[in-house]
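Trainee: I would like a close look at one surface residue of this model, and then at what surrounds it in the fold. Please keep it plain.

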Amino acid sequence: MSDNRSQRRRVNSDGDSSESGDSGIYNERILILVFASMNWDIRTLCRTASVNRKLRAVARRILWRELCVYRAPHMITALTDGAPSGRIGGGWQAMAKLMFFCNGCQSTRHFQVVEPEPGHFVKTSRFSKTSGRSFLVKKCRSDLLYVSDPCEHPTGNDDLGLFRGVFWGFMKSRTRACLIRRRVELEEGAKCPFCRARVWSMTAAQLIPKSAARRLGSMETGLEYFVCVNGHLYGACWLVPLSSDEEKDGDGDDEDEDENSSEETDRRFDGGDYFHGGNQIMINGSLNGLQYGLTA
């Protein structure tokens with residue numbers, strides 16, 4: 001009789017474990033296999049993370065990191081010192097949002113737009129460390145910074161270019177040290193769109209080199225960007241139309257830099273098959289449901 005009771009207890013115990021967070025759709029190994037079979041589709045992951053708190057916790061703990069590593073392996077390896085299973089400044093959820101989401105634009109004290117531009121998922125993203133060097137003043141050129149190509153937003157007269165980037169080891173970077181040494185104040189009321197941390201205006205800090213405008217194809221007075229305390233960069237510029245000759249010549253500001261690893265990252269990062277259809281999914285100015293999956 002006691003044997004039967006002990007067997008029932010074991011069965012009940014097993015049944016309870018099947019309902020735990022380590023089994024079924026909450027099992028991390030199963031979720032990794034499922035998303036790997038879908039090539040880590042960002043929209044599906046956003047929807048999954050917005051279902052309930054348990055799935056959101058699994059996404060925060062492992063899924064955002066796995067997505068970043070799969071879609072941009074070389075960049076993530078560089079940003080994590082070859083240990084992509086570790087931590088990253090601002091968290092992996094913020095890193096995933098930075099990789100796949102154009103944060104839009106609103107007027108600031110140094111950059112005015114007629115109407116705010118809403119954020120949206122991007123069809124493709126190309127981040128380059130060579131481009132990043134153009135956003136650093138000479139004394140900070142030893143910092144490692146990846147910056148995206150500008151996302152072009154037609155506004156009627158001029159095209160608005162929105163770009164974003166991320167520093168490696170920002171806490172120990174020369175850029176941060178320069179901001180601290182100059183006692184640059186954090187922007188009042190401004191927060192990073194990726195991790196919600198406080199930000200510095202690089203315009204106010206007078207740390208925007210002329211090479212940044214040339215790299216973007218903008219006027220020197222027609223751009224602004226911010227850097228948050230976690231090392232995320234984002235900004236906007238007015239794009240100057242280029243003639244065919246200028247497009248062939250390039251900006252002429254590249255220094256000797258091996259960009260092979262960046263280009264390999266770009267090929268893996270191309271989201272063409274994953275973002276078929278419209279890449280803007282705006283409803284009344286807000287993301288349709290998917291915002292919850294990437295909310296910082």
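What is the relative accessibility of V34, and as what does V34 count?

Mentor: V34 has 38% relative accessibility and counts as partly exposed. Buried means under 20% relative accessible area, exposed means over 50%, and partly exposed lies in between (1.4 Å probe, protein chains only). The model is predicted, so local features need pLDDT of at least 70 and side-chain atom pairs count only at pLDDT 80 or more, while totals for chains, interfaces and linings use all residues. Residues are numbered from 1 along each chain as its sequence is written, and side-chain values use heavy atoms, with hydrogens and water left out.

V34 sits in helix α2, residues 28-37. Helices (H or I, at least four residues) and strands (E, at least two) are DSSP runs numbered from the N terminus. Together with I30 and M38, V34 forms a nonpolar surface patch with about 220 Å² of accessible area in total. The areas come from the Shrake-Rupley method with a 1.4 Å probe, and for residues only the protein chains shown count as cover. Patch residues have over 30% relative accessible area and no salt bridge; nonpolar side chains (Val, Leu, Ile, Met, Phe, Trp, Tyr) are joined within 5 Å, and like charges within 9 Å.

Helix α2 also contributes to a salt bridge: the side chains of E28 and R61 meet at 2.7 Å, N to O. This pair links distant parts of the chain, with E28 in α2 and R61 in helix α4 (residues 53-71), 33 residues apart. E28 is partly exposed at 27% relative accessible area. A salt bridge is a side-chain nitrogen of Lys or Arg within 4 Å of a carboxyl oxygen of Asp or Glu, and the structure holds four of them. Another joins E66 and R65, whose closest N and O atoms are 3.6 Å apart. There E66 is partly exposed at 25%, but R65 counts as buried at 16%.

A further salt bridge, between D149 and R126, measures 3.4 Å, N to O. D149 lies in the loop between β4 (145-148) and β5, and R126 in the loop between β2 (120-121) and β3 (127-128), 23 residues away. D149 is partly exposed at 35%, as is R126 at 29%.

The strands come next. In β4 both faces are covered: L145 and V147 on one side, Y146 and S148 on the other, are all buried. Two strands pair if DSSP finds at least two bridges between them. β3 and β4 run antiparallel and are joined by two bridges, with S128 opposite V147. β4 also pairs with β6 in the antiparallel sense, over three bridges, and here L145 stands opposite F167.

In strand β5 (residues 151-154) the side chains alternate: C151 and H153 point to one face and are buried, whereas E152 and P154 point to the other and are not. β5 pairs with β6 (residues 159-167) in the antiparallel sense over four bridges, and P154 has D159 as its bridge partner. The hairpin of these two strands has four residues between them, and G156 takes a positive phi near 110°.
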